[in-house]
Amino acid sequence: MIFLPLIKKDLLNIKGDKLVFYMFLIPIIISVIIKIFLPSLTSGNMKLYVSGNIPSEIYKNLENYFDITVAENDTELKSMVSNFDDIPGIDYKDKEIKLLFQGNEDSQIKNIYSMLVYNSLNGFETDTDTESLGNQKSGITEMIISMIIIFVISLSGVITGFTMVDDKTSHMTEAIAVAPVKLTQYIFSKIIITFVYSVIMSFISQIIITGINFNFYNYLLIMLSGIILSLVTGFLIGTFADSQNMAITYTKTVTFIMVFLPMISLLVPENIRFVFGIIPSYWTFRIIWQLYLGINGNLILSFTISIIYNIMLIVLIMPKMRKKFGLRLR
């Protein structure tokens with residue numbers, strides 16, 4: 001259990017380094033800000049899309065309850081309802097009001113909208129109905145959660161890298177090198193720190209934003225892929241940076257490659273998106289997008305490629321790490 005003192009050392013380094021300590025808390029701070037100051041992201045802020053053929057009398061009554069945006073036709077109305085804003089819509093045909101939902105809204109939100117729409121129709125002879133567009137993974141809440149998870153995964157790798165740099169600058173690596181510590185034990189201590197941070201911070205962030213209303217299977221699947229990716233990020237920074245300033249510089253570069261480039265892939269046609277597959281983080285991103293945003297693709301294939309690809313990268317980094325830290329492989 002020689003890795004336990006290494007874990008304790010890392011925790012003390014995180015506590016003592018203000019920069020790393022604040023990075024440690026950033027996900028919780030962001031989640032609290034989202035929950036407090038942007039409640040409309042999960043409630044729709046009582047906005048409503050309506051079709052252009054809705055009677056003016058009904059329109060005026062709806063204005064008492066909602067901030068209304070008018071769609072030109074049925075196609076535009078359904079497109080607007082399907083956007084990343086969780087705002088429902090109202091269609092009007094043959095004296096019937098149809099309330100359109102994406103399909104991923106909370107039941108309480110649906111009940112509130114239905115009640116307010118019903119109240120606005122008081123005095124009008126019209127039937128009412130509801131319809132779900134079946135877009136189970138297109139809400140703004142899912143987008144926020146996916147971004148939080150991506151951020152936690154990236155940040156956990158950065159923190160791992162900074163603890164390794166602290167080992168160098170404090171000459172702890174020299175003490176570790178002469179102690180009976182193997183490279184695999186050193187790496188395992190980093191795995192524990194990364195795993196615990198990723199799981200706890202992402203879990204707390206989701207609880208703050210959505211409560212317990214999320215899929216634990218999806219969460220664990222992302223974590224398995226994300227933790228290995230975090231280790232790749234951390235080992236790259238920790239191995240090649242010899243000071244905290246260098247670590248900051250490497251963090252900017254690695255973050256750009258690992259986070260922003262995969263995000264750009266969403267803007268290109270799907271048939272050429274595979275070219276981004278050379279980026280290790282792309283496959284973890286695909287898992288998140290497939291689970292939370294409903295992007296087409298084979299989830300198991302993305303997960304398998306992510307695990308194998310990132311493990312191979314860790315194996316490739318190990319010889320350089322062993323040389324830098326002076327640790328025995330066995």
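Biologist: Which residues in H10 meet Met246, Ala247, Tyr250, Thr251, Val254 and Met258 in H11?

Modeller: They are Leu229, Val232, Thr233, Leu236, Ile237 and Phe240, where contact means heavy atoms within 4.5 Å. This is a predicted model, with local features needing pLDDT of at least 70, side-chain atom pairs counting only at pLDDT 80 or more, and totals for chains, interfaces and linings using all residues. Residues are numbered from 1 along each chain as its sequence is written, and side-chain values use heavy atoms, leaving out hydrogens and water.

Biologist: What makes up the contact of H10 with H11, in nonpolar, polar and charged residues?

Modeller: There are 10 nonpolar, 2 polar and no charged residues. Ala, Val, Leu, Ile, Met, Phe, Trp, Tyr, Cys and Pro count as nonpolar, Asp, Glu, Lys and Arg as charged, and the others, Gly among them, as polar.

Biologist: How do you know that strand E1 pairs with strand E2?

Modeller: Pairing requires that DSSP finds at least two bridges between two strands. E1 (residues 47–51) and E2 (residues 67–71) run parallel and are joined by 5 bridges, so they count as a pair. Tyrosine 49, for one, has threonine 69 in E2 as its bridge partner.

Biologist: Why is lysine 182 called partly exposed?

Modeller: Its relative accessibility is 33%. Buried means under 20% relative accessible area and exposed over 50%, with partly exposed in between (1.4 Å probe, protein chains only), so lysine 182 counts as partly exposed.

Biologist: Where is lysine 182 found?

Modeller: Look in the loop between helix H8 (172–178) and helix H9 (183–210). The C-alpha atoms of lysine 182 and glycine 326 are 9.5 Å apart, with 144 residues separating the two along the chain.

Notes
Helices (H or I, at least four residues) and strands (E, at least two) are DSSP runs, numbered from the N terminus.
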